[in-house]
Amino acid sequence: MLIHDQQKREEYYEAVQKKNSQYIGTFFLAVKTTGIFCIPTCRARTPKFENIEFFTLSKDALQNGYRPCKICKPTNHAYEPPKDIQKAIELVNQNIFEKVSDYQLKENGLQPEKVRRWFKKHHGMTFQAYQRMLRINSAFQDLKKGKQVTDSAFNSGYNSLSGFGYTFKVLVGDSPKESLNKSVILITRVTTPLGPMFICASDKGICLVEFTDRKMLEIEFRDLQKKMDAIILQGENEHIKTCKKQLNEYFNGSRKSFDIPLDLPGTPFQQLSWKELQNIPFGATSTYQEMAKKIGKETAVRAMANANGHNRVAIIVPCHRVIAKGGSLTGYGGGLQRKQWLLDHESKNK
Ligand SMILES: [Zn+2]
């Protein structure tokens, strides 16, 4: 759909000027003078307001004769790793115990500088740190299974015990021995039509699904580690794999409910509220008043709102389905644009 509403156009233009990532996927801008269309955060120069047409879907821009921008690739999921980065990740995964050197990257036709920049920007860590985290993760799992520290160190590709201990401590916060009683939360980054998300899972189930640009995410991670007495390490397990698949189906409109174990530490009231959230069907909405009534605590409206705000598992525990009594959107951790998009998406695919 072409957006005509002047107020909306102005709001979108501001998002483009600010490169606001919360708007990714909620609209596409097409530039009349170049015939090219982009996502709101494209790093190409901001066109003049009067030269832009805004569309709801990338399909609409294509149908109107615009070509996808080569820089931001609006027809892909935002920030999907480019081909050469995917290749670098493959190299790492082939054997996580072998360090992928700059030399190897070059041998595979990759530019080490580009790989480093991408990791820094999208994982918040260097390519080397990413590899270290995978190795430490594997070593940690070995230790938990009863292997000796020395064995794990050497199996993880460290040729000195102190080097292993040091890296382990930097990443985990404790020495290999001290941290044995901790559990592991695995973290993976995925891309969606609304921008990249992090998925975290323990061995019991999914414990976090959030947009990577969510405010206070660092605090949420810290909070989660403390609550679960765990450390967060790069990696994937079966729950994460299932979650990725089901999220994908949700976004393409073919999935209406999720079927994944969740691991949600919280107060009994929070647990109850999150359960109630999961009872709001796809395509429907509720209010805090209604929810409070349903759990038999009519006066607990504010506590309900508070518990909702502490939900860590976006989309699957559908806090986006709660709106104000009068019908306005109220708040959303991932941004109101995304909330509106999710509600529209569900009502279209009901
Ligand atoms: Zn672009």
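1. A word to start with: donors are the N, O and S atoms within 2.8 Å of the metal. Please keep in mind throughout that this is a predicted model. With that term in hand, the zinc ion makes a good entry point. Its protein donors are the SG atoms of Cys38, Cys42, Cys69 and Cys72, and they lie 2.3 to 2.4 Å from the ion.

2. What arrangement do the four donor atoms around the zinc ion make? They subtend angles of 105 to 117°, so the arrangement is tetrahedral. For orientation, the ideal angle for four tetrahedral donors is 109.5 degrees. Along the sequence, the donor residues follow the spacing C-x3-C-x26-C-x2-C. Cys38 and Cys42 are both buried, and Cys72 also belongs to a nonpolar core of 24 residues.

3. Now for the sheet. Four strands make up an open sheet with mixed pairing, in the order β3-β1-β2-β4. The edges are taken by β3 (52-55) and β4 (67-68); each has a single partner strand, so one side of each is left without a neighbour in the sheet. Strand β2 (residues 36-38) runs parallel to β4, and two bridges join them. If you would like a pair of residues to look for, Ile36 stands opposite Arg67 in β4.

4. Helix α1 (residues 6-18) packs on this sheet, where it touches β1 (28-31) and β3. The direction of α1 makes about 100° with that of β3.

5. Next, the interior. The largest nonpolar core has 64 residues, and Val209 and Ile315 are those with the most contacts inside it. Helix α6 (residues 127-144) provides the largest share of this core, with nine residues. Apart from it lies the core of 24 residues, which includes Tyr13, Phe55 and Ala61 as well as Cys72.

6. Val209 deserves a look of its own. Leaving aside residues up to four places away in sequence, Val209 touches Met197, Phe198, Ile199, Cys243, Leu247, Arg312, Val313, Ala314 and Ile316.

7. Why is strand β7 (residues 206-211) described as largely enclosed by the rest of the structure? Six of its six residues are buried, and buried means under 20% relative accessible area.

8. Finally, the partner of β7. Strand β6 (residues 195-201) runs antiparallel to β7, with five bridges joining the two. They form a hairpin with four residues between them. To find the pairing on screen, start at Cys200, whose bridge partner in β7 is Leu208.

Notes: Residues numbered from 1 in each chain as written. Predicted model: local features only at pLDDT ≥ 70, side-chain atom pairs only at ≥ 80, totals over all residues. Heavy atoms only, no water. Core = buried A, V, L, I, M, F, W, Y, C linked by side-chain atoms within 4.5 Å. Buried < 20%, exposed > 50% of the residue type's maximum accessible area, 1.4 Å probe, protein only. Contact = heavy atoms within 4.5 Å. Pairing = 2+ DSSP bridges. Donors = N, O, S within 2.8 Å, 3.2 Å for Na, K, Ca; no water. Tetrahedral: all angles 85-135°; square planar, octahedral: opposite > 155°, others 65-115°. Axes fitted to C-alpha atoms, helices over the stretch in contact; angles between N-to-C directions.
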